[in-house]
Structures are given as C-alpha cells and as structure tokens.
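Open the model in your viewer and keep the sequence beside it. This tour moves from the whole chain to one strand, then to one residue.

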Amino acid sequence: MVWVKICGITSTNEALKIADLEPDALGFILSTDSRRRISLVQAESIITQVRKRYGSRSPSMVGVFVNEPVSYIYQAIENLALDMVQLSGNEDIDYIKDVNKTGAAVIKAIACKLQTDVQGIIADIEQVADYFLADTYSKNSYGGSGKTFDWEIVSGLNMKEKLIIAGGLGPDNVTEAINTVDPFGVDASTGLELPGGGKDKEKVKKFITLARGMGGHYG
C-alpha cells in the first residue's frame, strides 16, 4: 500500500474534510511566498482541531520549509508538535543534521532534472534524510509548480522504500506514476484543487483510493 500525503492545507475546514478520508499525512506550507503559505499560528489552530477530532487516528503533520533559519524549524516543531519536516530548498547535510536533533522525521525534496543529479544528491544525504521527495525542477520556484517530471529519472533508484513522488499528481495520473516508479509514497496539492483554490474533496478521495489500491513499500 502506498503512503499518501495531501499538501498545501490552508484552513481547518479543509483539513478536517480531508482527514476524514484518512490520508497518511497533511502538509502545511510554512515558508516561501506560496499562495498556500500559512502562519505558525494558523497551522497550530488547524492541527489542534484535527488532533482533537481524530486523536490517535490523526494523519502525520508535516511542515514544509525552504531555506529557513534552523531556529524557525525548531520553533515550528515545538509549537506544532510536527511529526515530519519537509525541506524543499538548498539545505545541505549539516543543516539536515541540525534538524535531525529535533526527533522529527526529515523529508528532503529533490528537484528532478537529470538522473545523475538525483543519484548524487541522494548519495550525499541518504544517511541523514528519512525520505526523499522527488519533485519537478523549476528555475523559478521550489516545488508547487503543478507540473509532472519524467518519472523514469527516479524509476531505477534503489531507495524506493524512502522515495516519495510529487509534482503535478492527481487522480488522472497517480496510477501511472506508481506503476512507473513503485515509490514508498505520493504527494499531491495543485492537482487536487478547485479552480478557485482549495482542495476538491472528491478529487482527494479518488486520489487516495487509487494510490491505496496500488502496491508499494508501505503498510
């Protein structure tokens, strides 16, 4: 069964309706100039309500950051009791080691341009990152492009049990992505949104159902 993260949560109502569909994780953008960015105060309110309603059945809570001071990561983990931290910038091995000290699992995002680049990055940090999130390369942004990349770039990696696929995923292509890569998990945001913004519950439901119906390295 494939691990599923729904990212870019922006409100309590959205978080609760998605948590009801039992994804494995919810992602909160706590960095960059993304339109989905929320403050620590907003995230704390949302996460508190989800945990209050679902208790031990609550999804894992993931904070997404880009090149932030480590002190901000520490503050976010303490305030929100984050289960996981996703680092989507140019964070190096020493930075990741500092985050490791918090006890939160670390997902390191990798912009996928060439297979050799991805293999080199993973080789450098595989001992300090718990998971790797393969995302679409963009010279103008750190993820969140809503575009897919060539999944063949990561299909031959021998780290499948730590690999999460992101970048333009939705109900229409998640099955193909999983068949091509056989990853540990999948992560989606833009492909699950309504035209005016916010998550489409039916798209999220279909996405989770399709992903869960596949094989994988989880569960």
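**Whole chain**

Start with contacts, meaning heavy atoms within 4.5 Å. Among contacts in the protein chain between residues at least 6 apart in sequence, 59% join residues at least 24 apart.

A word on the source: this is a predicted model, where local features need pLDDT of at least 70, side-chain atom pairs count only at pLDDT 80 or more, and totals for chains, interfaces and linings use all residues. Residues are numbered from 1 along each chain as its sequence is written, and side-chain values use heavy atoms, with hydrogens and water left out.

Switch to cartoon view. The protein chain has 8 helices and 8 strands. These are DSSP runs, numbered from the N terminus: helices are H or I with at least four residues, strands are E with at least two. The radius of gyration of the protein chain is 16 Å, close to the 17 Å from the globule rule for 219 residues, so the chain is as compact as a globular protein of that length. That radius is taken over C-alpha atoms, and the rule is 2.2 Å times the number of residues to the power 0.38.

Show the C-alpha atoms alone. Along the principal axes, they fill a box of roughly 45 × 40 × 35 Å.

Now colour by burial. Of the 219 residues of the protein chain, 52% count as buried. Buried means under 20% relative accessible area, exposed over 50%, partly exposed in between (1.4 Å probe, protein chains only).

**Strand 6**

Select residues 131-136. This is strand 6; 5 of its 6 residues are buried, so it is largely enclosed by the rest of the structure.

Which strands pair with strand 6? Add residues 105-112, which form strand 5. Strands 5 and 6 pair in the parallel sense over 6 bridges. Two strands pair if DSSP finds at least two bridges between them. Look for Cys112, opposite Thr136 in strand 6.

Next add strand 7, residues 163-165. It runs parallel to strand 6, joined by 3 bridges. Here Phe132 stands opposite Leu163 in strand 7.

**Phe132**

Zoom in on Phe132, which lies in strand 6. Is Phe132 buried or exposed? At 1% relative accessibility, Phe132 counts as buried.

Show its contacts, leaving aside neighbours within four places in sequence. Phe132 touches Lys108, Ile110, Ile122, Ile125, Glu126, Met159, Lys162, Leu163 and Ile164.

Finish at Gly168. Its C-alpha atom is 17 Å from that of Phe132, with the two residues 36 apart along the chain.
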